[in-house]
Every structure is written in C-alpha cells, then in structure tokens.
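User: I am new to this structure and would love a close look at one part of it. Could you pick a residue, tell me what surrounds it, and then show me how that part fits into the rest?

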Amino acid sequence: MALEIERKFLVLSNAFEEEAIKKDYIKQGFLNSDKNRVVRVRIKNDDGFLTIKGPSNESGTSRFEWEKEISLDEAKSLLSLCEKGVIEKHRYLIPLKSHLYEVDVFLGENEGLIVAEVELSNEYENFSKPTWLGKEVTGIEKYYNSNLSKKPFLKW
C-alpha cells in the first residue's frame, strides 16, 4: 500500500517519442469506477494487474494506491466483467533528470488525447518540465482514466 503523488499534463507534440526508453501496450477496464474507490484491471503487454485507488486529495495530486500482479488469464477473465468502456493506450517512459515521465497515447474512442504524468515524492517537489509538456490537468476529473472509459475524448 502506498500514497501515489503525481501531476498530470497535456502533451504538445510527439517529440517525447525520441526521448522514450520504453513503449508498452496497455488495455484496462474498471470493475468499479466510483471516485471514492476505483478498482482497475490492467493488461500491460503480457502481464496482468489488479489495482485499487482511493479518492484524490483536494488538489488531485495524491491518493491511496494498491496494486498486485495477477496472471494474464486472470486479467483477461476480470476484463470481461468490467464496466462498459475499456481503455487502450500506448505508454512511453521518458526519464528526465531524477524523474520518470509516463506519456499515454490513447487509442480507440480516446484517440487524439496524449497525457503525461510524473510521480513525485511530495506535492511540492520541484521537477524539470520538458519542452513538449503542455497545460497542467492535475485534478481535472474528465482526464482520469476511469472517466475516459465512460465519456471518451472523442465525445467531448
């Protein structure tokens, strides 16, 4: 169990792709997408995960997160039980000084949306911002994956 502290930004260009050290394919669904307790099932490449997230704090930068690796077969079975609206995306990992940015390029009904997240050790930690980083959307609920599954970017 841990407290997840992160900030989220829109991405201005594909320049991050040249800086990426890894690219993963992610498919995920939600067994529960209530804002007070999100239960997510994720397949990342060939690995399965079950994640539970608590409510965000007032600024939207931190919340409780628990994650457990599960088998690929278990993840596939649980995905079939998820609420309507599966998220698919490519995630790029980009190191910048002492931080690691995760850039999600959404597919399907969320195509066209590109979001970057950076995890921090505390809410007020300073971090370097790459040139491709755009407007901050931390705490804006429509950008939460659980909300994108219900109201996709192409329907905004």
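Analyst: Let's start with Arg 91 and its surroundings. Leaving out residues up to four places away in sequence, Arg 91 touches Lys 22, Lys 23, Asp 24, Ile 26, Arg 42, Glu 102, Val 103 and Asp 104. Please keep in mind that this is a predicted model, so every value here is computed from predicted atoms.

Where does Arg 91 sit? Its place is in strand E6, which covers residues 87-96. Is Arg 91 buried or exposed? With a relative accessible area of 8%, Arg 91 is buried, because anything under 20% counts that way. One of its neighbours deserves a special mention: the side chains of Arg 91 and Glu 102 make a polar contact of 3.5 Å.

If you follow the chain onward from Arg 91, strand E6 ends at residue 96 and strand E7 covers 99-106. The loop between these two strands holds Lys 97. Lys 97 is exposed, at 72% relative accessible area, whereas Arg 91 is buried. The backbone of Lys 97 also has a feature worth finding: its phi is near 55°, a positive value in a residue other than glycine.

Another of the residues that Arg 91 touches, Arg 42, leads us to Gln 28. The side chain of Gln 28 makes a polar contact of 2.7 Å with the side chain of Arg 42. Gln 28 is in strand E2, which covers residues 22-34. At 0% relative accessibility, Gln 28 counts as buried. Beyond the residues up to four places away in sequence, Gln 28 touches Arg 40, Val 41, Arg 42, Leu 79, Val 86, Ile 87, Lys 89 and Asn 145. Leu 79 in that list comes from another stretch of the chain: Gln 28 and Leu 79 are 51 residues apart in sequence, yet their C-alpha atoms are 7.3 Å apart in space.

Ile 87, which Gln 28 touches, is also touched by Ser 149. Ser 149 is in the segment after helix H3, which covers 145-148. Apart from residues up to four places away in sequence, Ser 149 touches Phe 30, Lys 84, Gly 85 and Ile 87. How accessible is Ser 149? Its relative accessibility is 9%, so Ser 149 counts as buried. A polar atom of the Ser 149 side chain lies 2.7 Å from the backbone oxygen of Ser 146.

Now let's turn to two loops. Asn 45 is in the loop between strand E3 (37-44) and strand E4. Like Lys 97, whose phi is positive, Asn 45 has a positive phi in a residue other than glycine, here near 60°. Asn 45 counts as partly exposed, with 37% relative accessibility. Further along, Ser 59 lies in the loop between strand E4 (47-53) and strand E5 (62-70). Ser 59 also counts as partly exposed, at 35% relative accessibility.

What does Ser 59 contact, leaving aside neighbours within four places in sequence? The list is Glu 123, Thr 138 and Gly 139. With Glu 123 there is a polar contact between the side chains, at 3.0 Å. You can also look from Ser 59 towards Arg 7: these two residues are 52 apart along the chain, and their C-alpha atoms are separated by 9.8 Å.

Stepping back, here is the whole protein. It has three helices and nine strands, and from the N terminus on, these run β-α-β-β-β-β-α-β-β-β-β-α. The radius of gyration is 15 Å, close to the 15 Å that the globule rule gives for 156 residues, so the protein is as compact as a globular protein of that length. Its C-alpha trace spans about 40 × 30 × 30 Å along the principal axes.

Contacts between distant parts of the sequence show up in the totals too. Among contacts between residues at least 6 apart in sequence, 61% join residues at least 24 apart. Buried residues make up 44% of the 156 residues, and Arg 91, our starting point, is buried as well. The protein exposes about 8600 Å², with carbon and sulfur atoms supplying 49% of it. Finally, the protein has 24 positive and 27 negative charges, and the mean positions of the two sets are 4 Å apart.

Methods:
Residues are numbered from 1 along each chain as its sequence is written. This is a predicted model: local features need pLDDT of at least 70, side-chain atom pairs count only at pLDDT 80 or more; totals for chains, interfaces and linings use all residues. Side-chain values use heavy atoms; hydrogens and water are left out. Helices (H or I, at least four residues) and strands (E, at least two) are DSSP runs, numbered from the N terminus. The radius of gyration is taken over C-alpha atoms; the globule rule is 2.2 Å times the number of residues to the power 0.38. Buried means under 20% relative accessible area, exposed over 50%, partly exposed in between (1.4 Å probe, protein chains only). Contact means heavy atoms within 4.5 Å. Accessible areas come from the Shrake-Rupley method with a 1.4 Å probe; for residues, only the protein chains shown count as cover. Lys and Arg count as positive and Asp and Glu as negative; His and the chain ends are not counted. The place of a charge is taken as NZ of Lys, CZ of Arg, CG of Asp or CD of Glu. A polar contact is a pair of N or O atoms within 3.5 Å; within protein, one must be able to donate a hydrogen and the other to accept it, and residues adjacent in sequence count only if both atoms are side-chain atoms.
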